[in-house]
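Work through the exercises below with the coordinates open. Try each task before reading its solution.

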Amino acid sequence: MSEIELKLLLDKKMSSEIWARLKASKLAHGAPVTRTLRSIYLDTPEHALNKAGIALRLRRDGRRWIQGVKTRATLHGGLSQVGELETPAPGGRLCLDAISDLSIREEIIDRVNGAPLQPICETVITRRTSELMLSDGTRAELALDIGEVRAGERSAELSELEIELLAGNASGLFDIALILVPDGGLQFSRLSKAARGYLLAQEGRIDSPLAPRNAENLALDPAQTAEQAARDVLRECLDQIATNVLVVRQLDDDEGPHQLRVGLRRLRSAFSVYAAVLRSPEMKRLDAEARWLGQEVGSLRDLDVVANDMARREAETHPDEPGLSALADVVSRQAKERREQLRQLLVGARVQAFLIDLARFVETRGWLVAQDFGQTERLAAPIATLARASLNKRWKKTAKHAQGLETLTVEQRHELRKELKKLRYAVEFFCSLFPAKRIDPFLKRLKKLQTVFGDLNDAATLKAMFTGTGVPGADAPSVQRAIGWMIGASQARAELGWTGAKALWRDLEQTRPFWK
């Protein structure tokens, strides 16, 4: 039996509001049921089952004991899909021979290999459930779990909302989440209860430490279809975005806004790269939302860069210019104010809806367009075919923007910078499909050229920030002197780099495109 459910973490305030919202929504059929569940997870001393992705559980539900096995678990964007088998376990006694699926039973016996099975961790929760029905006929069970995860002498509180699909379309699970928690603050659960228990037993915590999340390289399989590869790339983008939303909300790490903006840019690039198979009204809407959020995050990132990467760097290099440190302090205060404003935005309804809808899009094939009769064929095309076509298209657009490089205006340089960034993201999306020895020379030269354009962008950002009205520190001569210093230094650095741009572009242009 396959189980599909949306798993979300809640704070105490949201937990207390769920049932009032449920009643107001009129989705519930019948009165809620409350019961206490104790689930004991068993494994060998070496955790052989957990390493194989198998969770073996004894659960007490009222007076009943149930033996459960979960396999093939996936958890992306809060949506959990797992194979589950349950059988009665009279007296709470484990019996591997009672597992009904022969292949799973044999795998567990083989993995255990005669080792003793012992309790590793357990959960003790109060579960309140209610069956829900949407107007399209989708049925789901809402379960609010509040309790503890335990492992030996360790314990940790857990409050989790599970919305399990009973019948209908999994997209409805996301609708229910937005109906019950419309004002923002939801958080995708990244781990199953079993995974949290093992983590508690091994490391004394039930979640991974929160830290800025960089993009991770994906190993696409050449045998994948275009749709399968697109789903994997979008999952990676979603995970980077959702994680860094939490980072910005909870930490003061400057890398958080940077990686959030990178994640949003990568998402938009993925939409562009996979447009042939993903193009749909929903993709266009999500792309527009990602663009809006990227601009909001970018305003904080720009302040962080000017304060910490530019002004403080100049202050350390030139300690005899006190205005530089004062300028860095002024911009840092602006960044602090902007961070608080951004945090309010990130916990709000619009960002939550964007994340929920993006997860829905990725996990329920939200790109399907019923009227597009040719879409099925495009979705089933080999990924290598799409990769070559997409890289070729990106390369041609970049080359077009680079024509007459030495005479480009500031605006044209900015457009070329964006095309180079899109090209790099496309290369990174598809690089696992090609030999590294062919990719590395191209990517190395592309990165060098991007560095030049990065300096140009920094100079433009700095100039825009410190010209016009509302310039910080306008009443302090030393700060104004520092602003002039900073603008002059950044412009000089950018122009110096630009003198070598033509040669760097020629090197890239002469590098054999690895996808051909």
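## Exercise 1: A charged pair between strands

Arg-57 and Glu-84 form a salt bridge, with 3.4 Å between the closest N and O atoms. The model is predicted. Task: find which elements hold Arg-57 and Glu-84, and how many residues apart they are.

Solution.
- Step 1. Place the residues. Arg-57 sits in strand β3 (residues 55–61) and Glu-84 in strand β5 (residues 79–88).
- Step 2. Take the separation. The two are 27 residues apart, and the pair links distant parts of the chain.
- Step 3. Classify Arg-57. Its relative accessible area is 5%, so Arg-57 is buried, the cut-off being under 20%.
- Step 4. Classify Glu-84. Its relative accessible area is 10%, so Glu-84 is buried.

## Exercise 2: Another partner for Glu-84

Task: state how far apart the closest N and O atoms of Glu-84 and Lys-70 are, and test the pair as a salt bridge.

Solution.
- Step 1. Check the distance. The closest N and O atoms are 3.9 Å apart. The limit is within 4 Å, and Glu-84 forms a salt bridge with Lys-70.
- Step 2. Locate the pair. Lys-70 lies in strand β4 (residues 64–76) and Glu-84 in strand β5, 14 residues apart.
- Step 3. Is Lys-70 buried or exposed? Lys-70 is partly exposed, because its relative accessible area is 22%.

## Exercise 3: From a pair to a network

Task: start from the salt bridge of Lys-193 and Glu-162 and find which residues are linked with them in a network.

Solution.
- Step 1. Take the distance. The side chains of Lys-193 and Glu-162 meet at 2.6 Å, N to O.
- Step 2. Locate the ends. Lys-193 is in helix α5 (residues 193–203), and Glu-162 is in strand β8 (residues 154–167), 31 residues apart.
- Step 3. Check burial. Lys-193 and Glu-162 are both buried.
- Step 4. Extend. Salt bridges link Glu-5, Lys-7, Arg-127, Asp-145, Glu-160, Glu-162 and Lys-193 in a network.
- Step 5. Set the context. The whole structure has 53 salt bridges.

## Exercise 4: The largest cavity

Task: describe the lining of the largest cavity.

Solution.
- Step 1. Count. There are three cavities of 30 Å³ or more. The largest cavity holds about 50 Å³ of space.
- Step 2. List the lining. It consists of Glu-216, Asn-217, Leu-218, Val-233, Glu-236, Arg-266, Glu-428 and Phe-429.
- Step 3. Assign elements. α6 (226–250) and α14 (410–430) are the elements that give two or more residues to this lining.
- Step 4. Sort by character. The lining has three nonpolar residues, one polar and four charged.

## Exercise 5: Aromatic pairs

Task: classify two of the eleven aromatic pairs.

Solution.
- Step 1. Take Tyr-274 and Phe-430. This pair is tilted, at 5.7 Å centre to centre and 55° between the planes.
- Step 2. Locate the rings. Tyr-274 is in the loop between α7 (255–273) and α8 (275–278), and Phe-430 is in helix α14, 156 residues apart.
- Step 3. Check burial. Tyr-274 is buried, at 0% relative accessibility. Phe-430 is also buried, at 0%.
- Step 4. Take Trp-395 and Trp-515. Their rings are edge-to-face, at 6.4 Å centre to centre and 65° between the planes.
- Step 5. Locate these two. Trp-395 lies in helix α13 (residues 383–401) and Trp-515 in the segment after α17 (501–510), so the pair ties together parts 120 residues apart in sequence.
- Step 6. Check burial again. Trp-395 and Trp-515 are both buried.
- Step 7. Extend. Ring pairs join Trp-395, Phe-434, Phe-442, Trp-505, Phe-514 and Trp-515 into a cluster.

Terms used: Residues are numbered from 1 along each chain as its sequence is written. This is a predicted model: local features need pLDDT of at least 70, side-chain atom pairs count only at pLDDT 80 or more; totals for chains, interfaces and linings use all residues. Side-chain values use heavy atoms; hydrogens and water are left out. Helices (H or I, at least four residues) and strands (E, at least two) are DSSP runs, numbered from the N terminus. Buried means under 20% relative accessible area, exposed over 50%, partly exposed in between (1.4 Å probe, protein chains only). On a 1 Å grid over the protein atoms alone, a cavity is a set of points where a 1.4 Å probe fits but cannot get out, and a pocket is an open set with protein on both sides within 12 Å along at least five of seven lines; lining residues have an atom within 4 Å of a point. Grid points are joined across faces, edges and corners, and a volume is the space filled by probe spheres set on the points. Ala, Val, Leu, Ile, Met, Phe, Trp, Tyr, Cys and Pro count as nonpolar, Asp, Glu, Lys and Arg as charged, and the others, Gly among them, as polar. Rings of Phe, Tyr and Trp (its six-membered ring) pair if their centres lie within 6.5 Å; planes under 30 degrees apart count as stacked, over 60 as edge-to-face and the rest as tilted.
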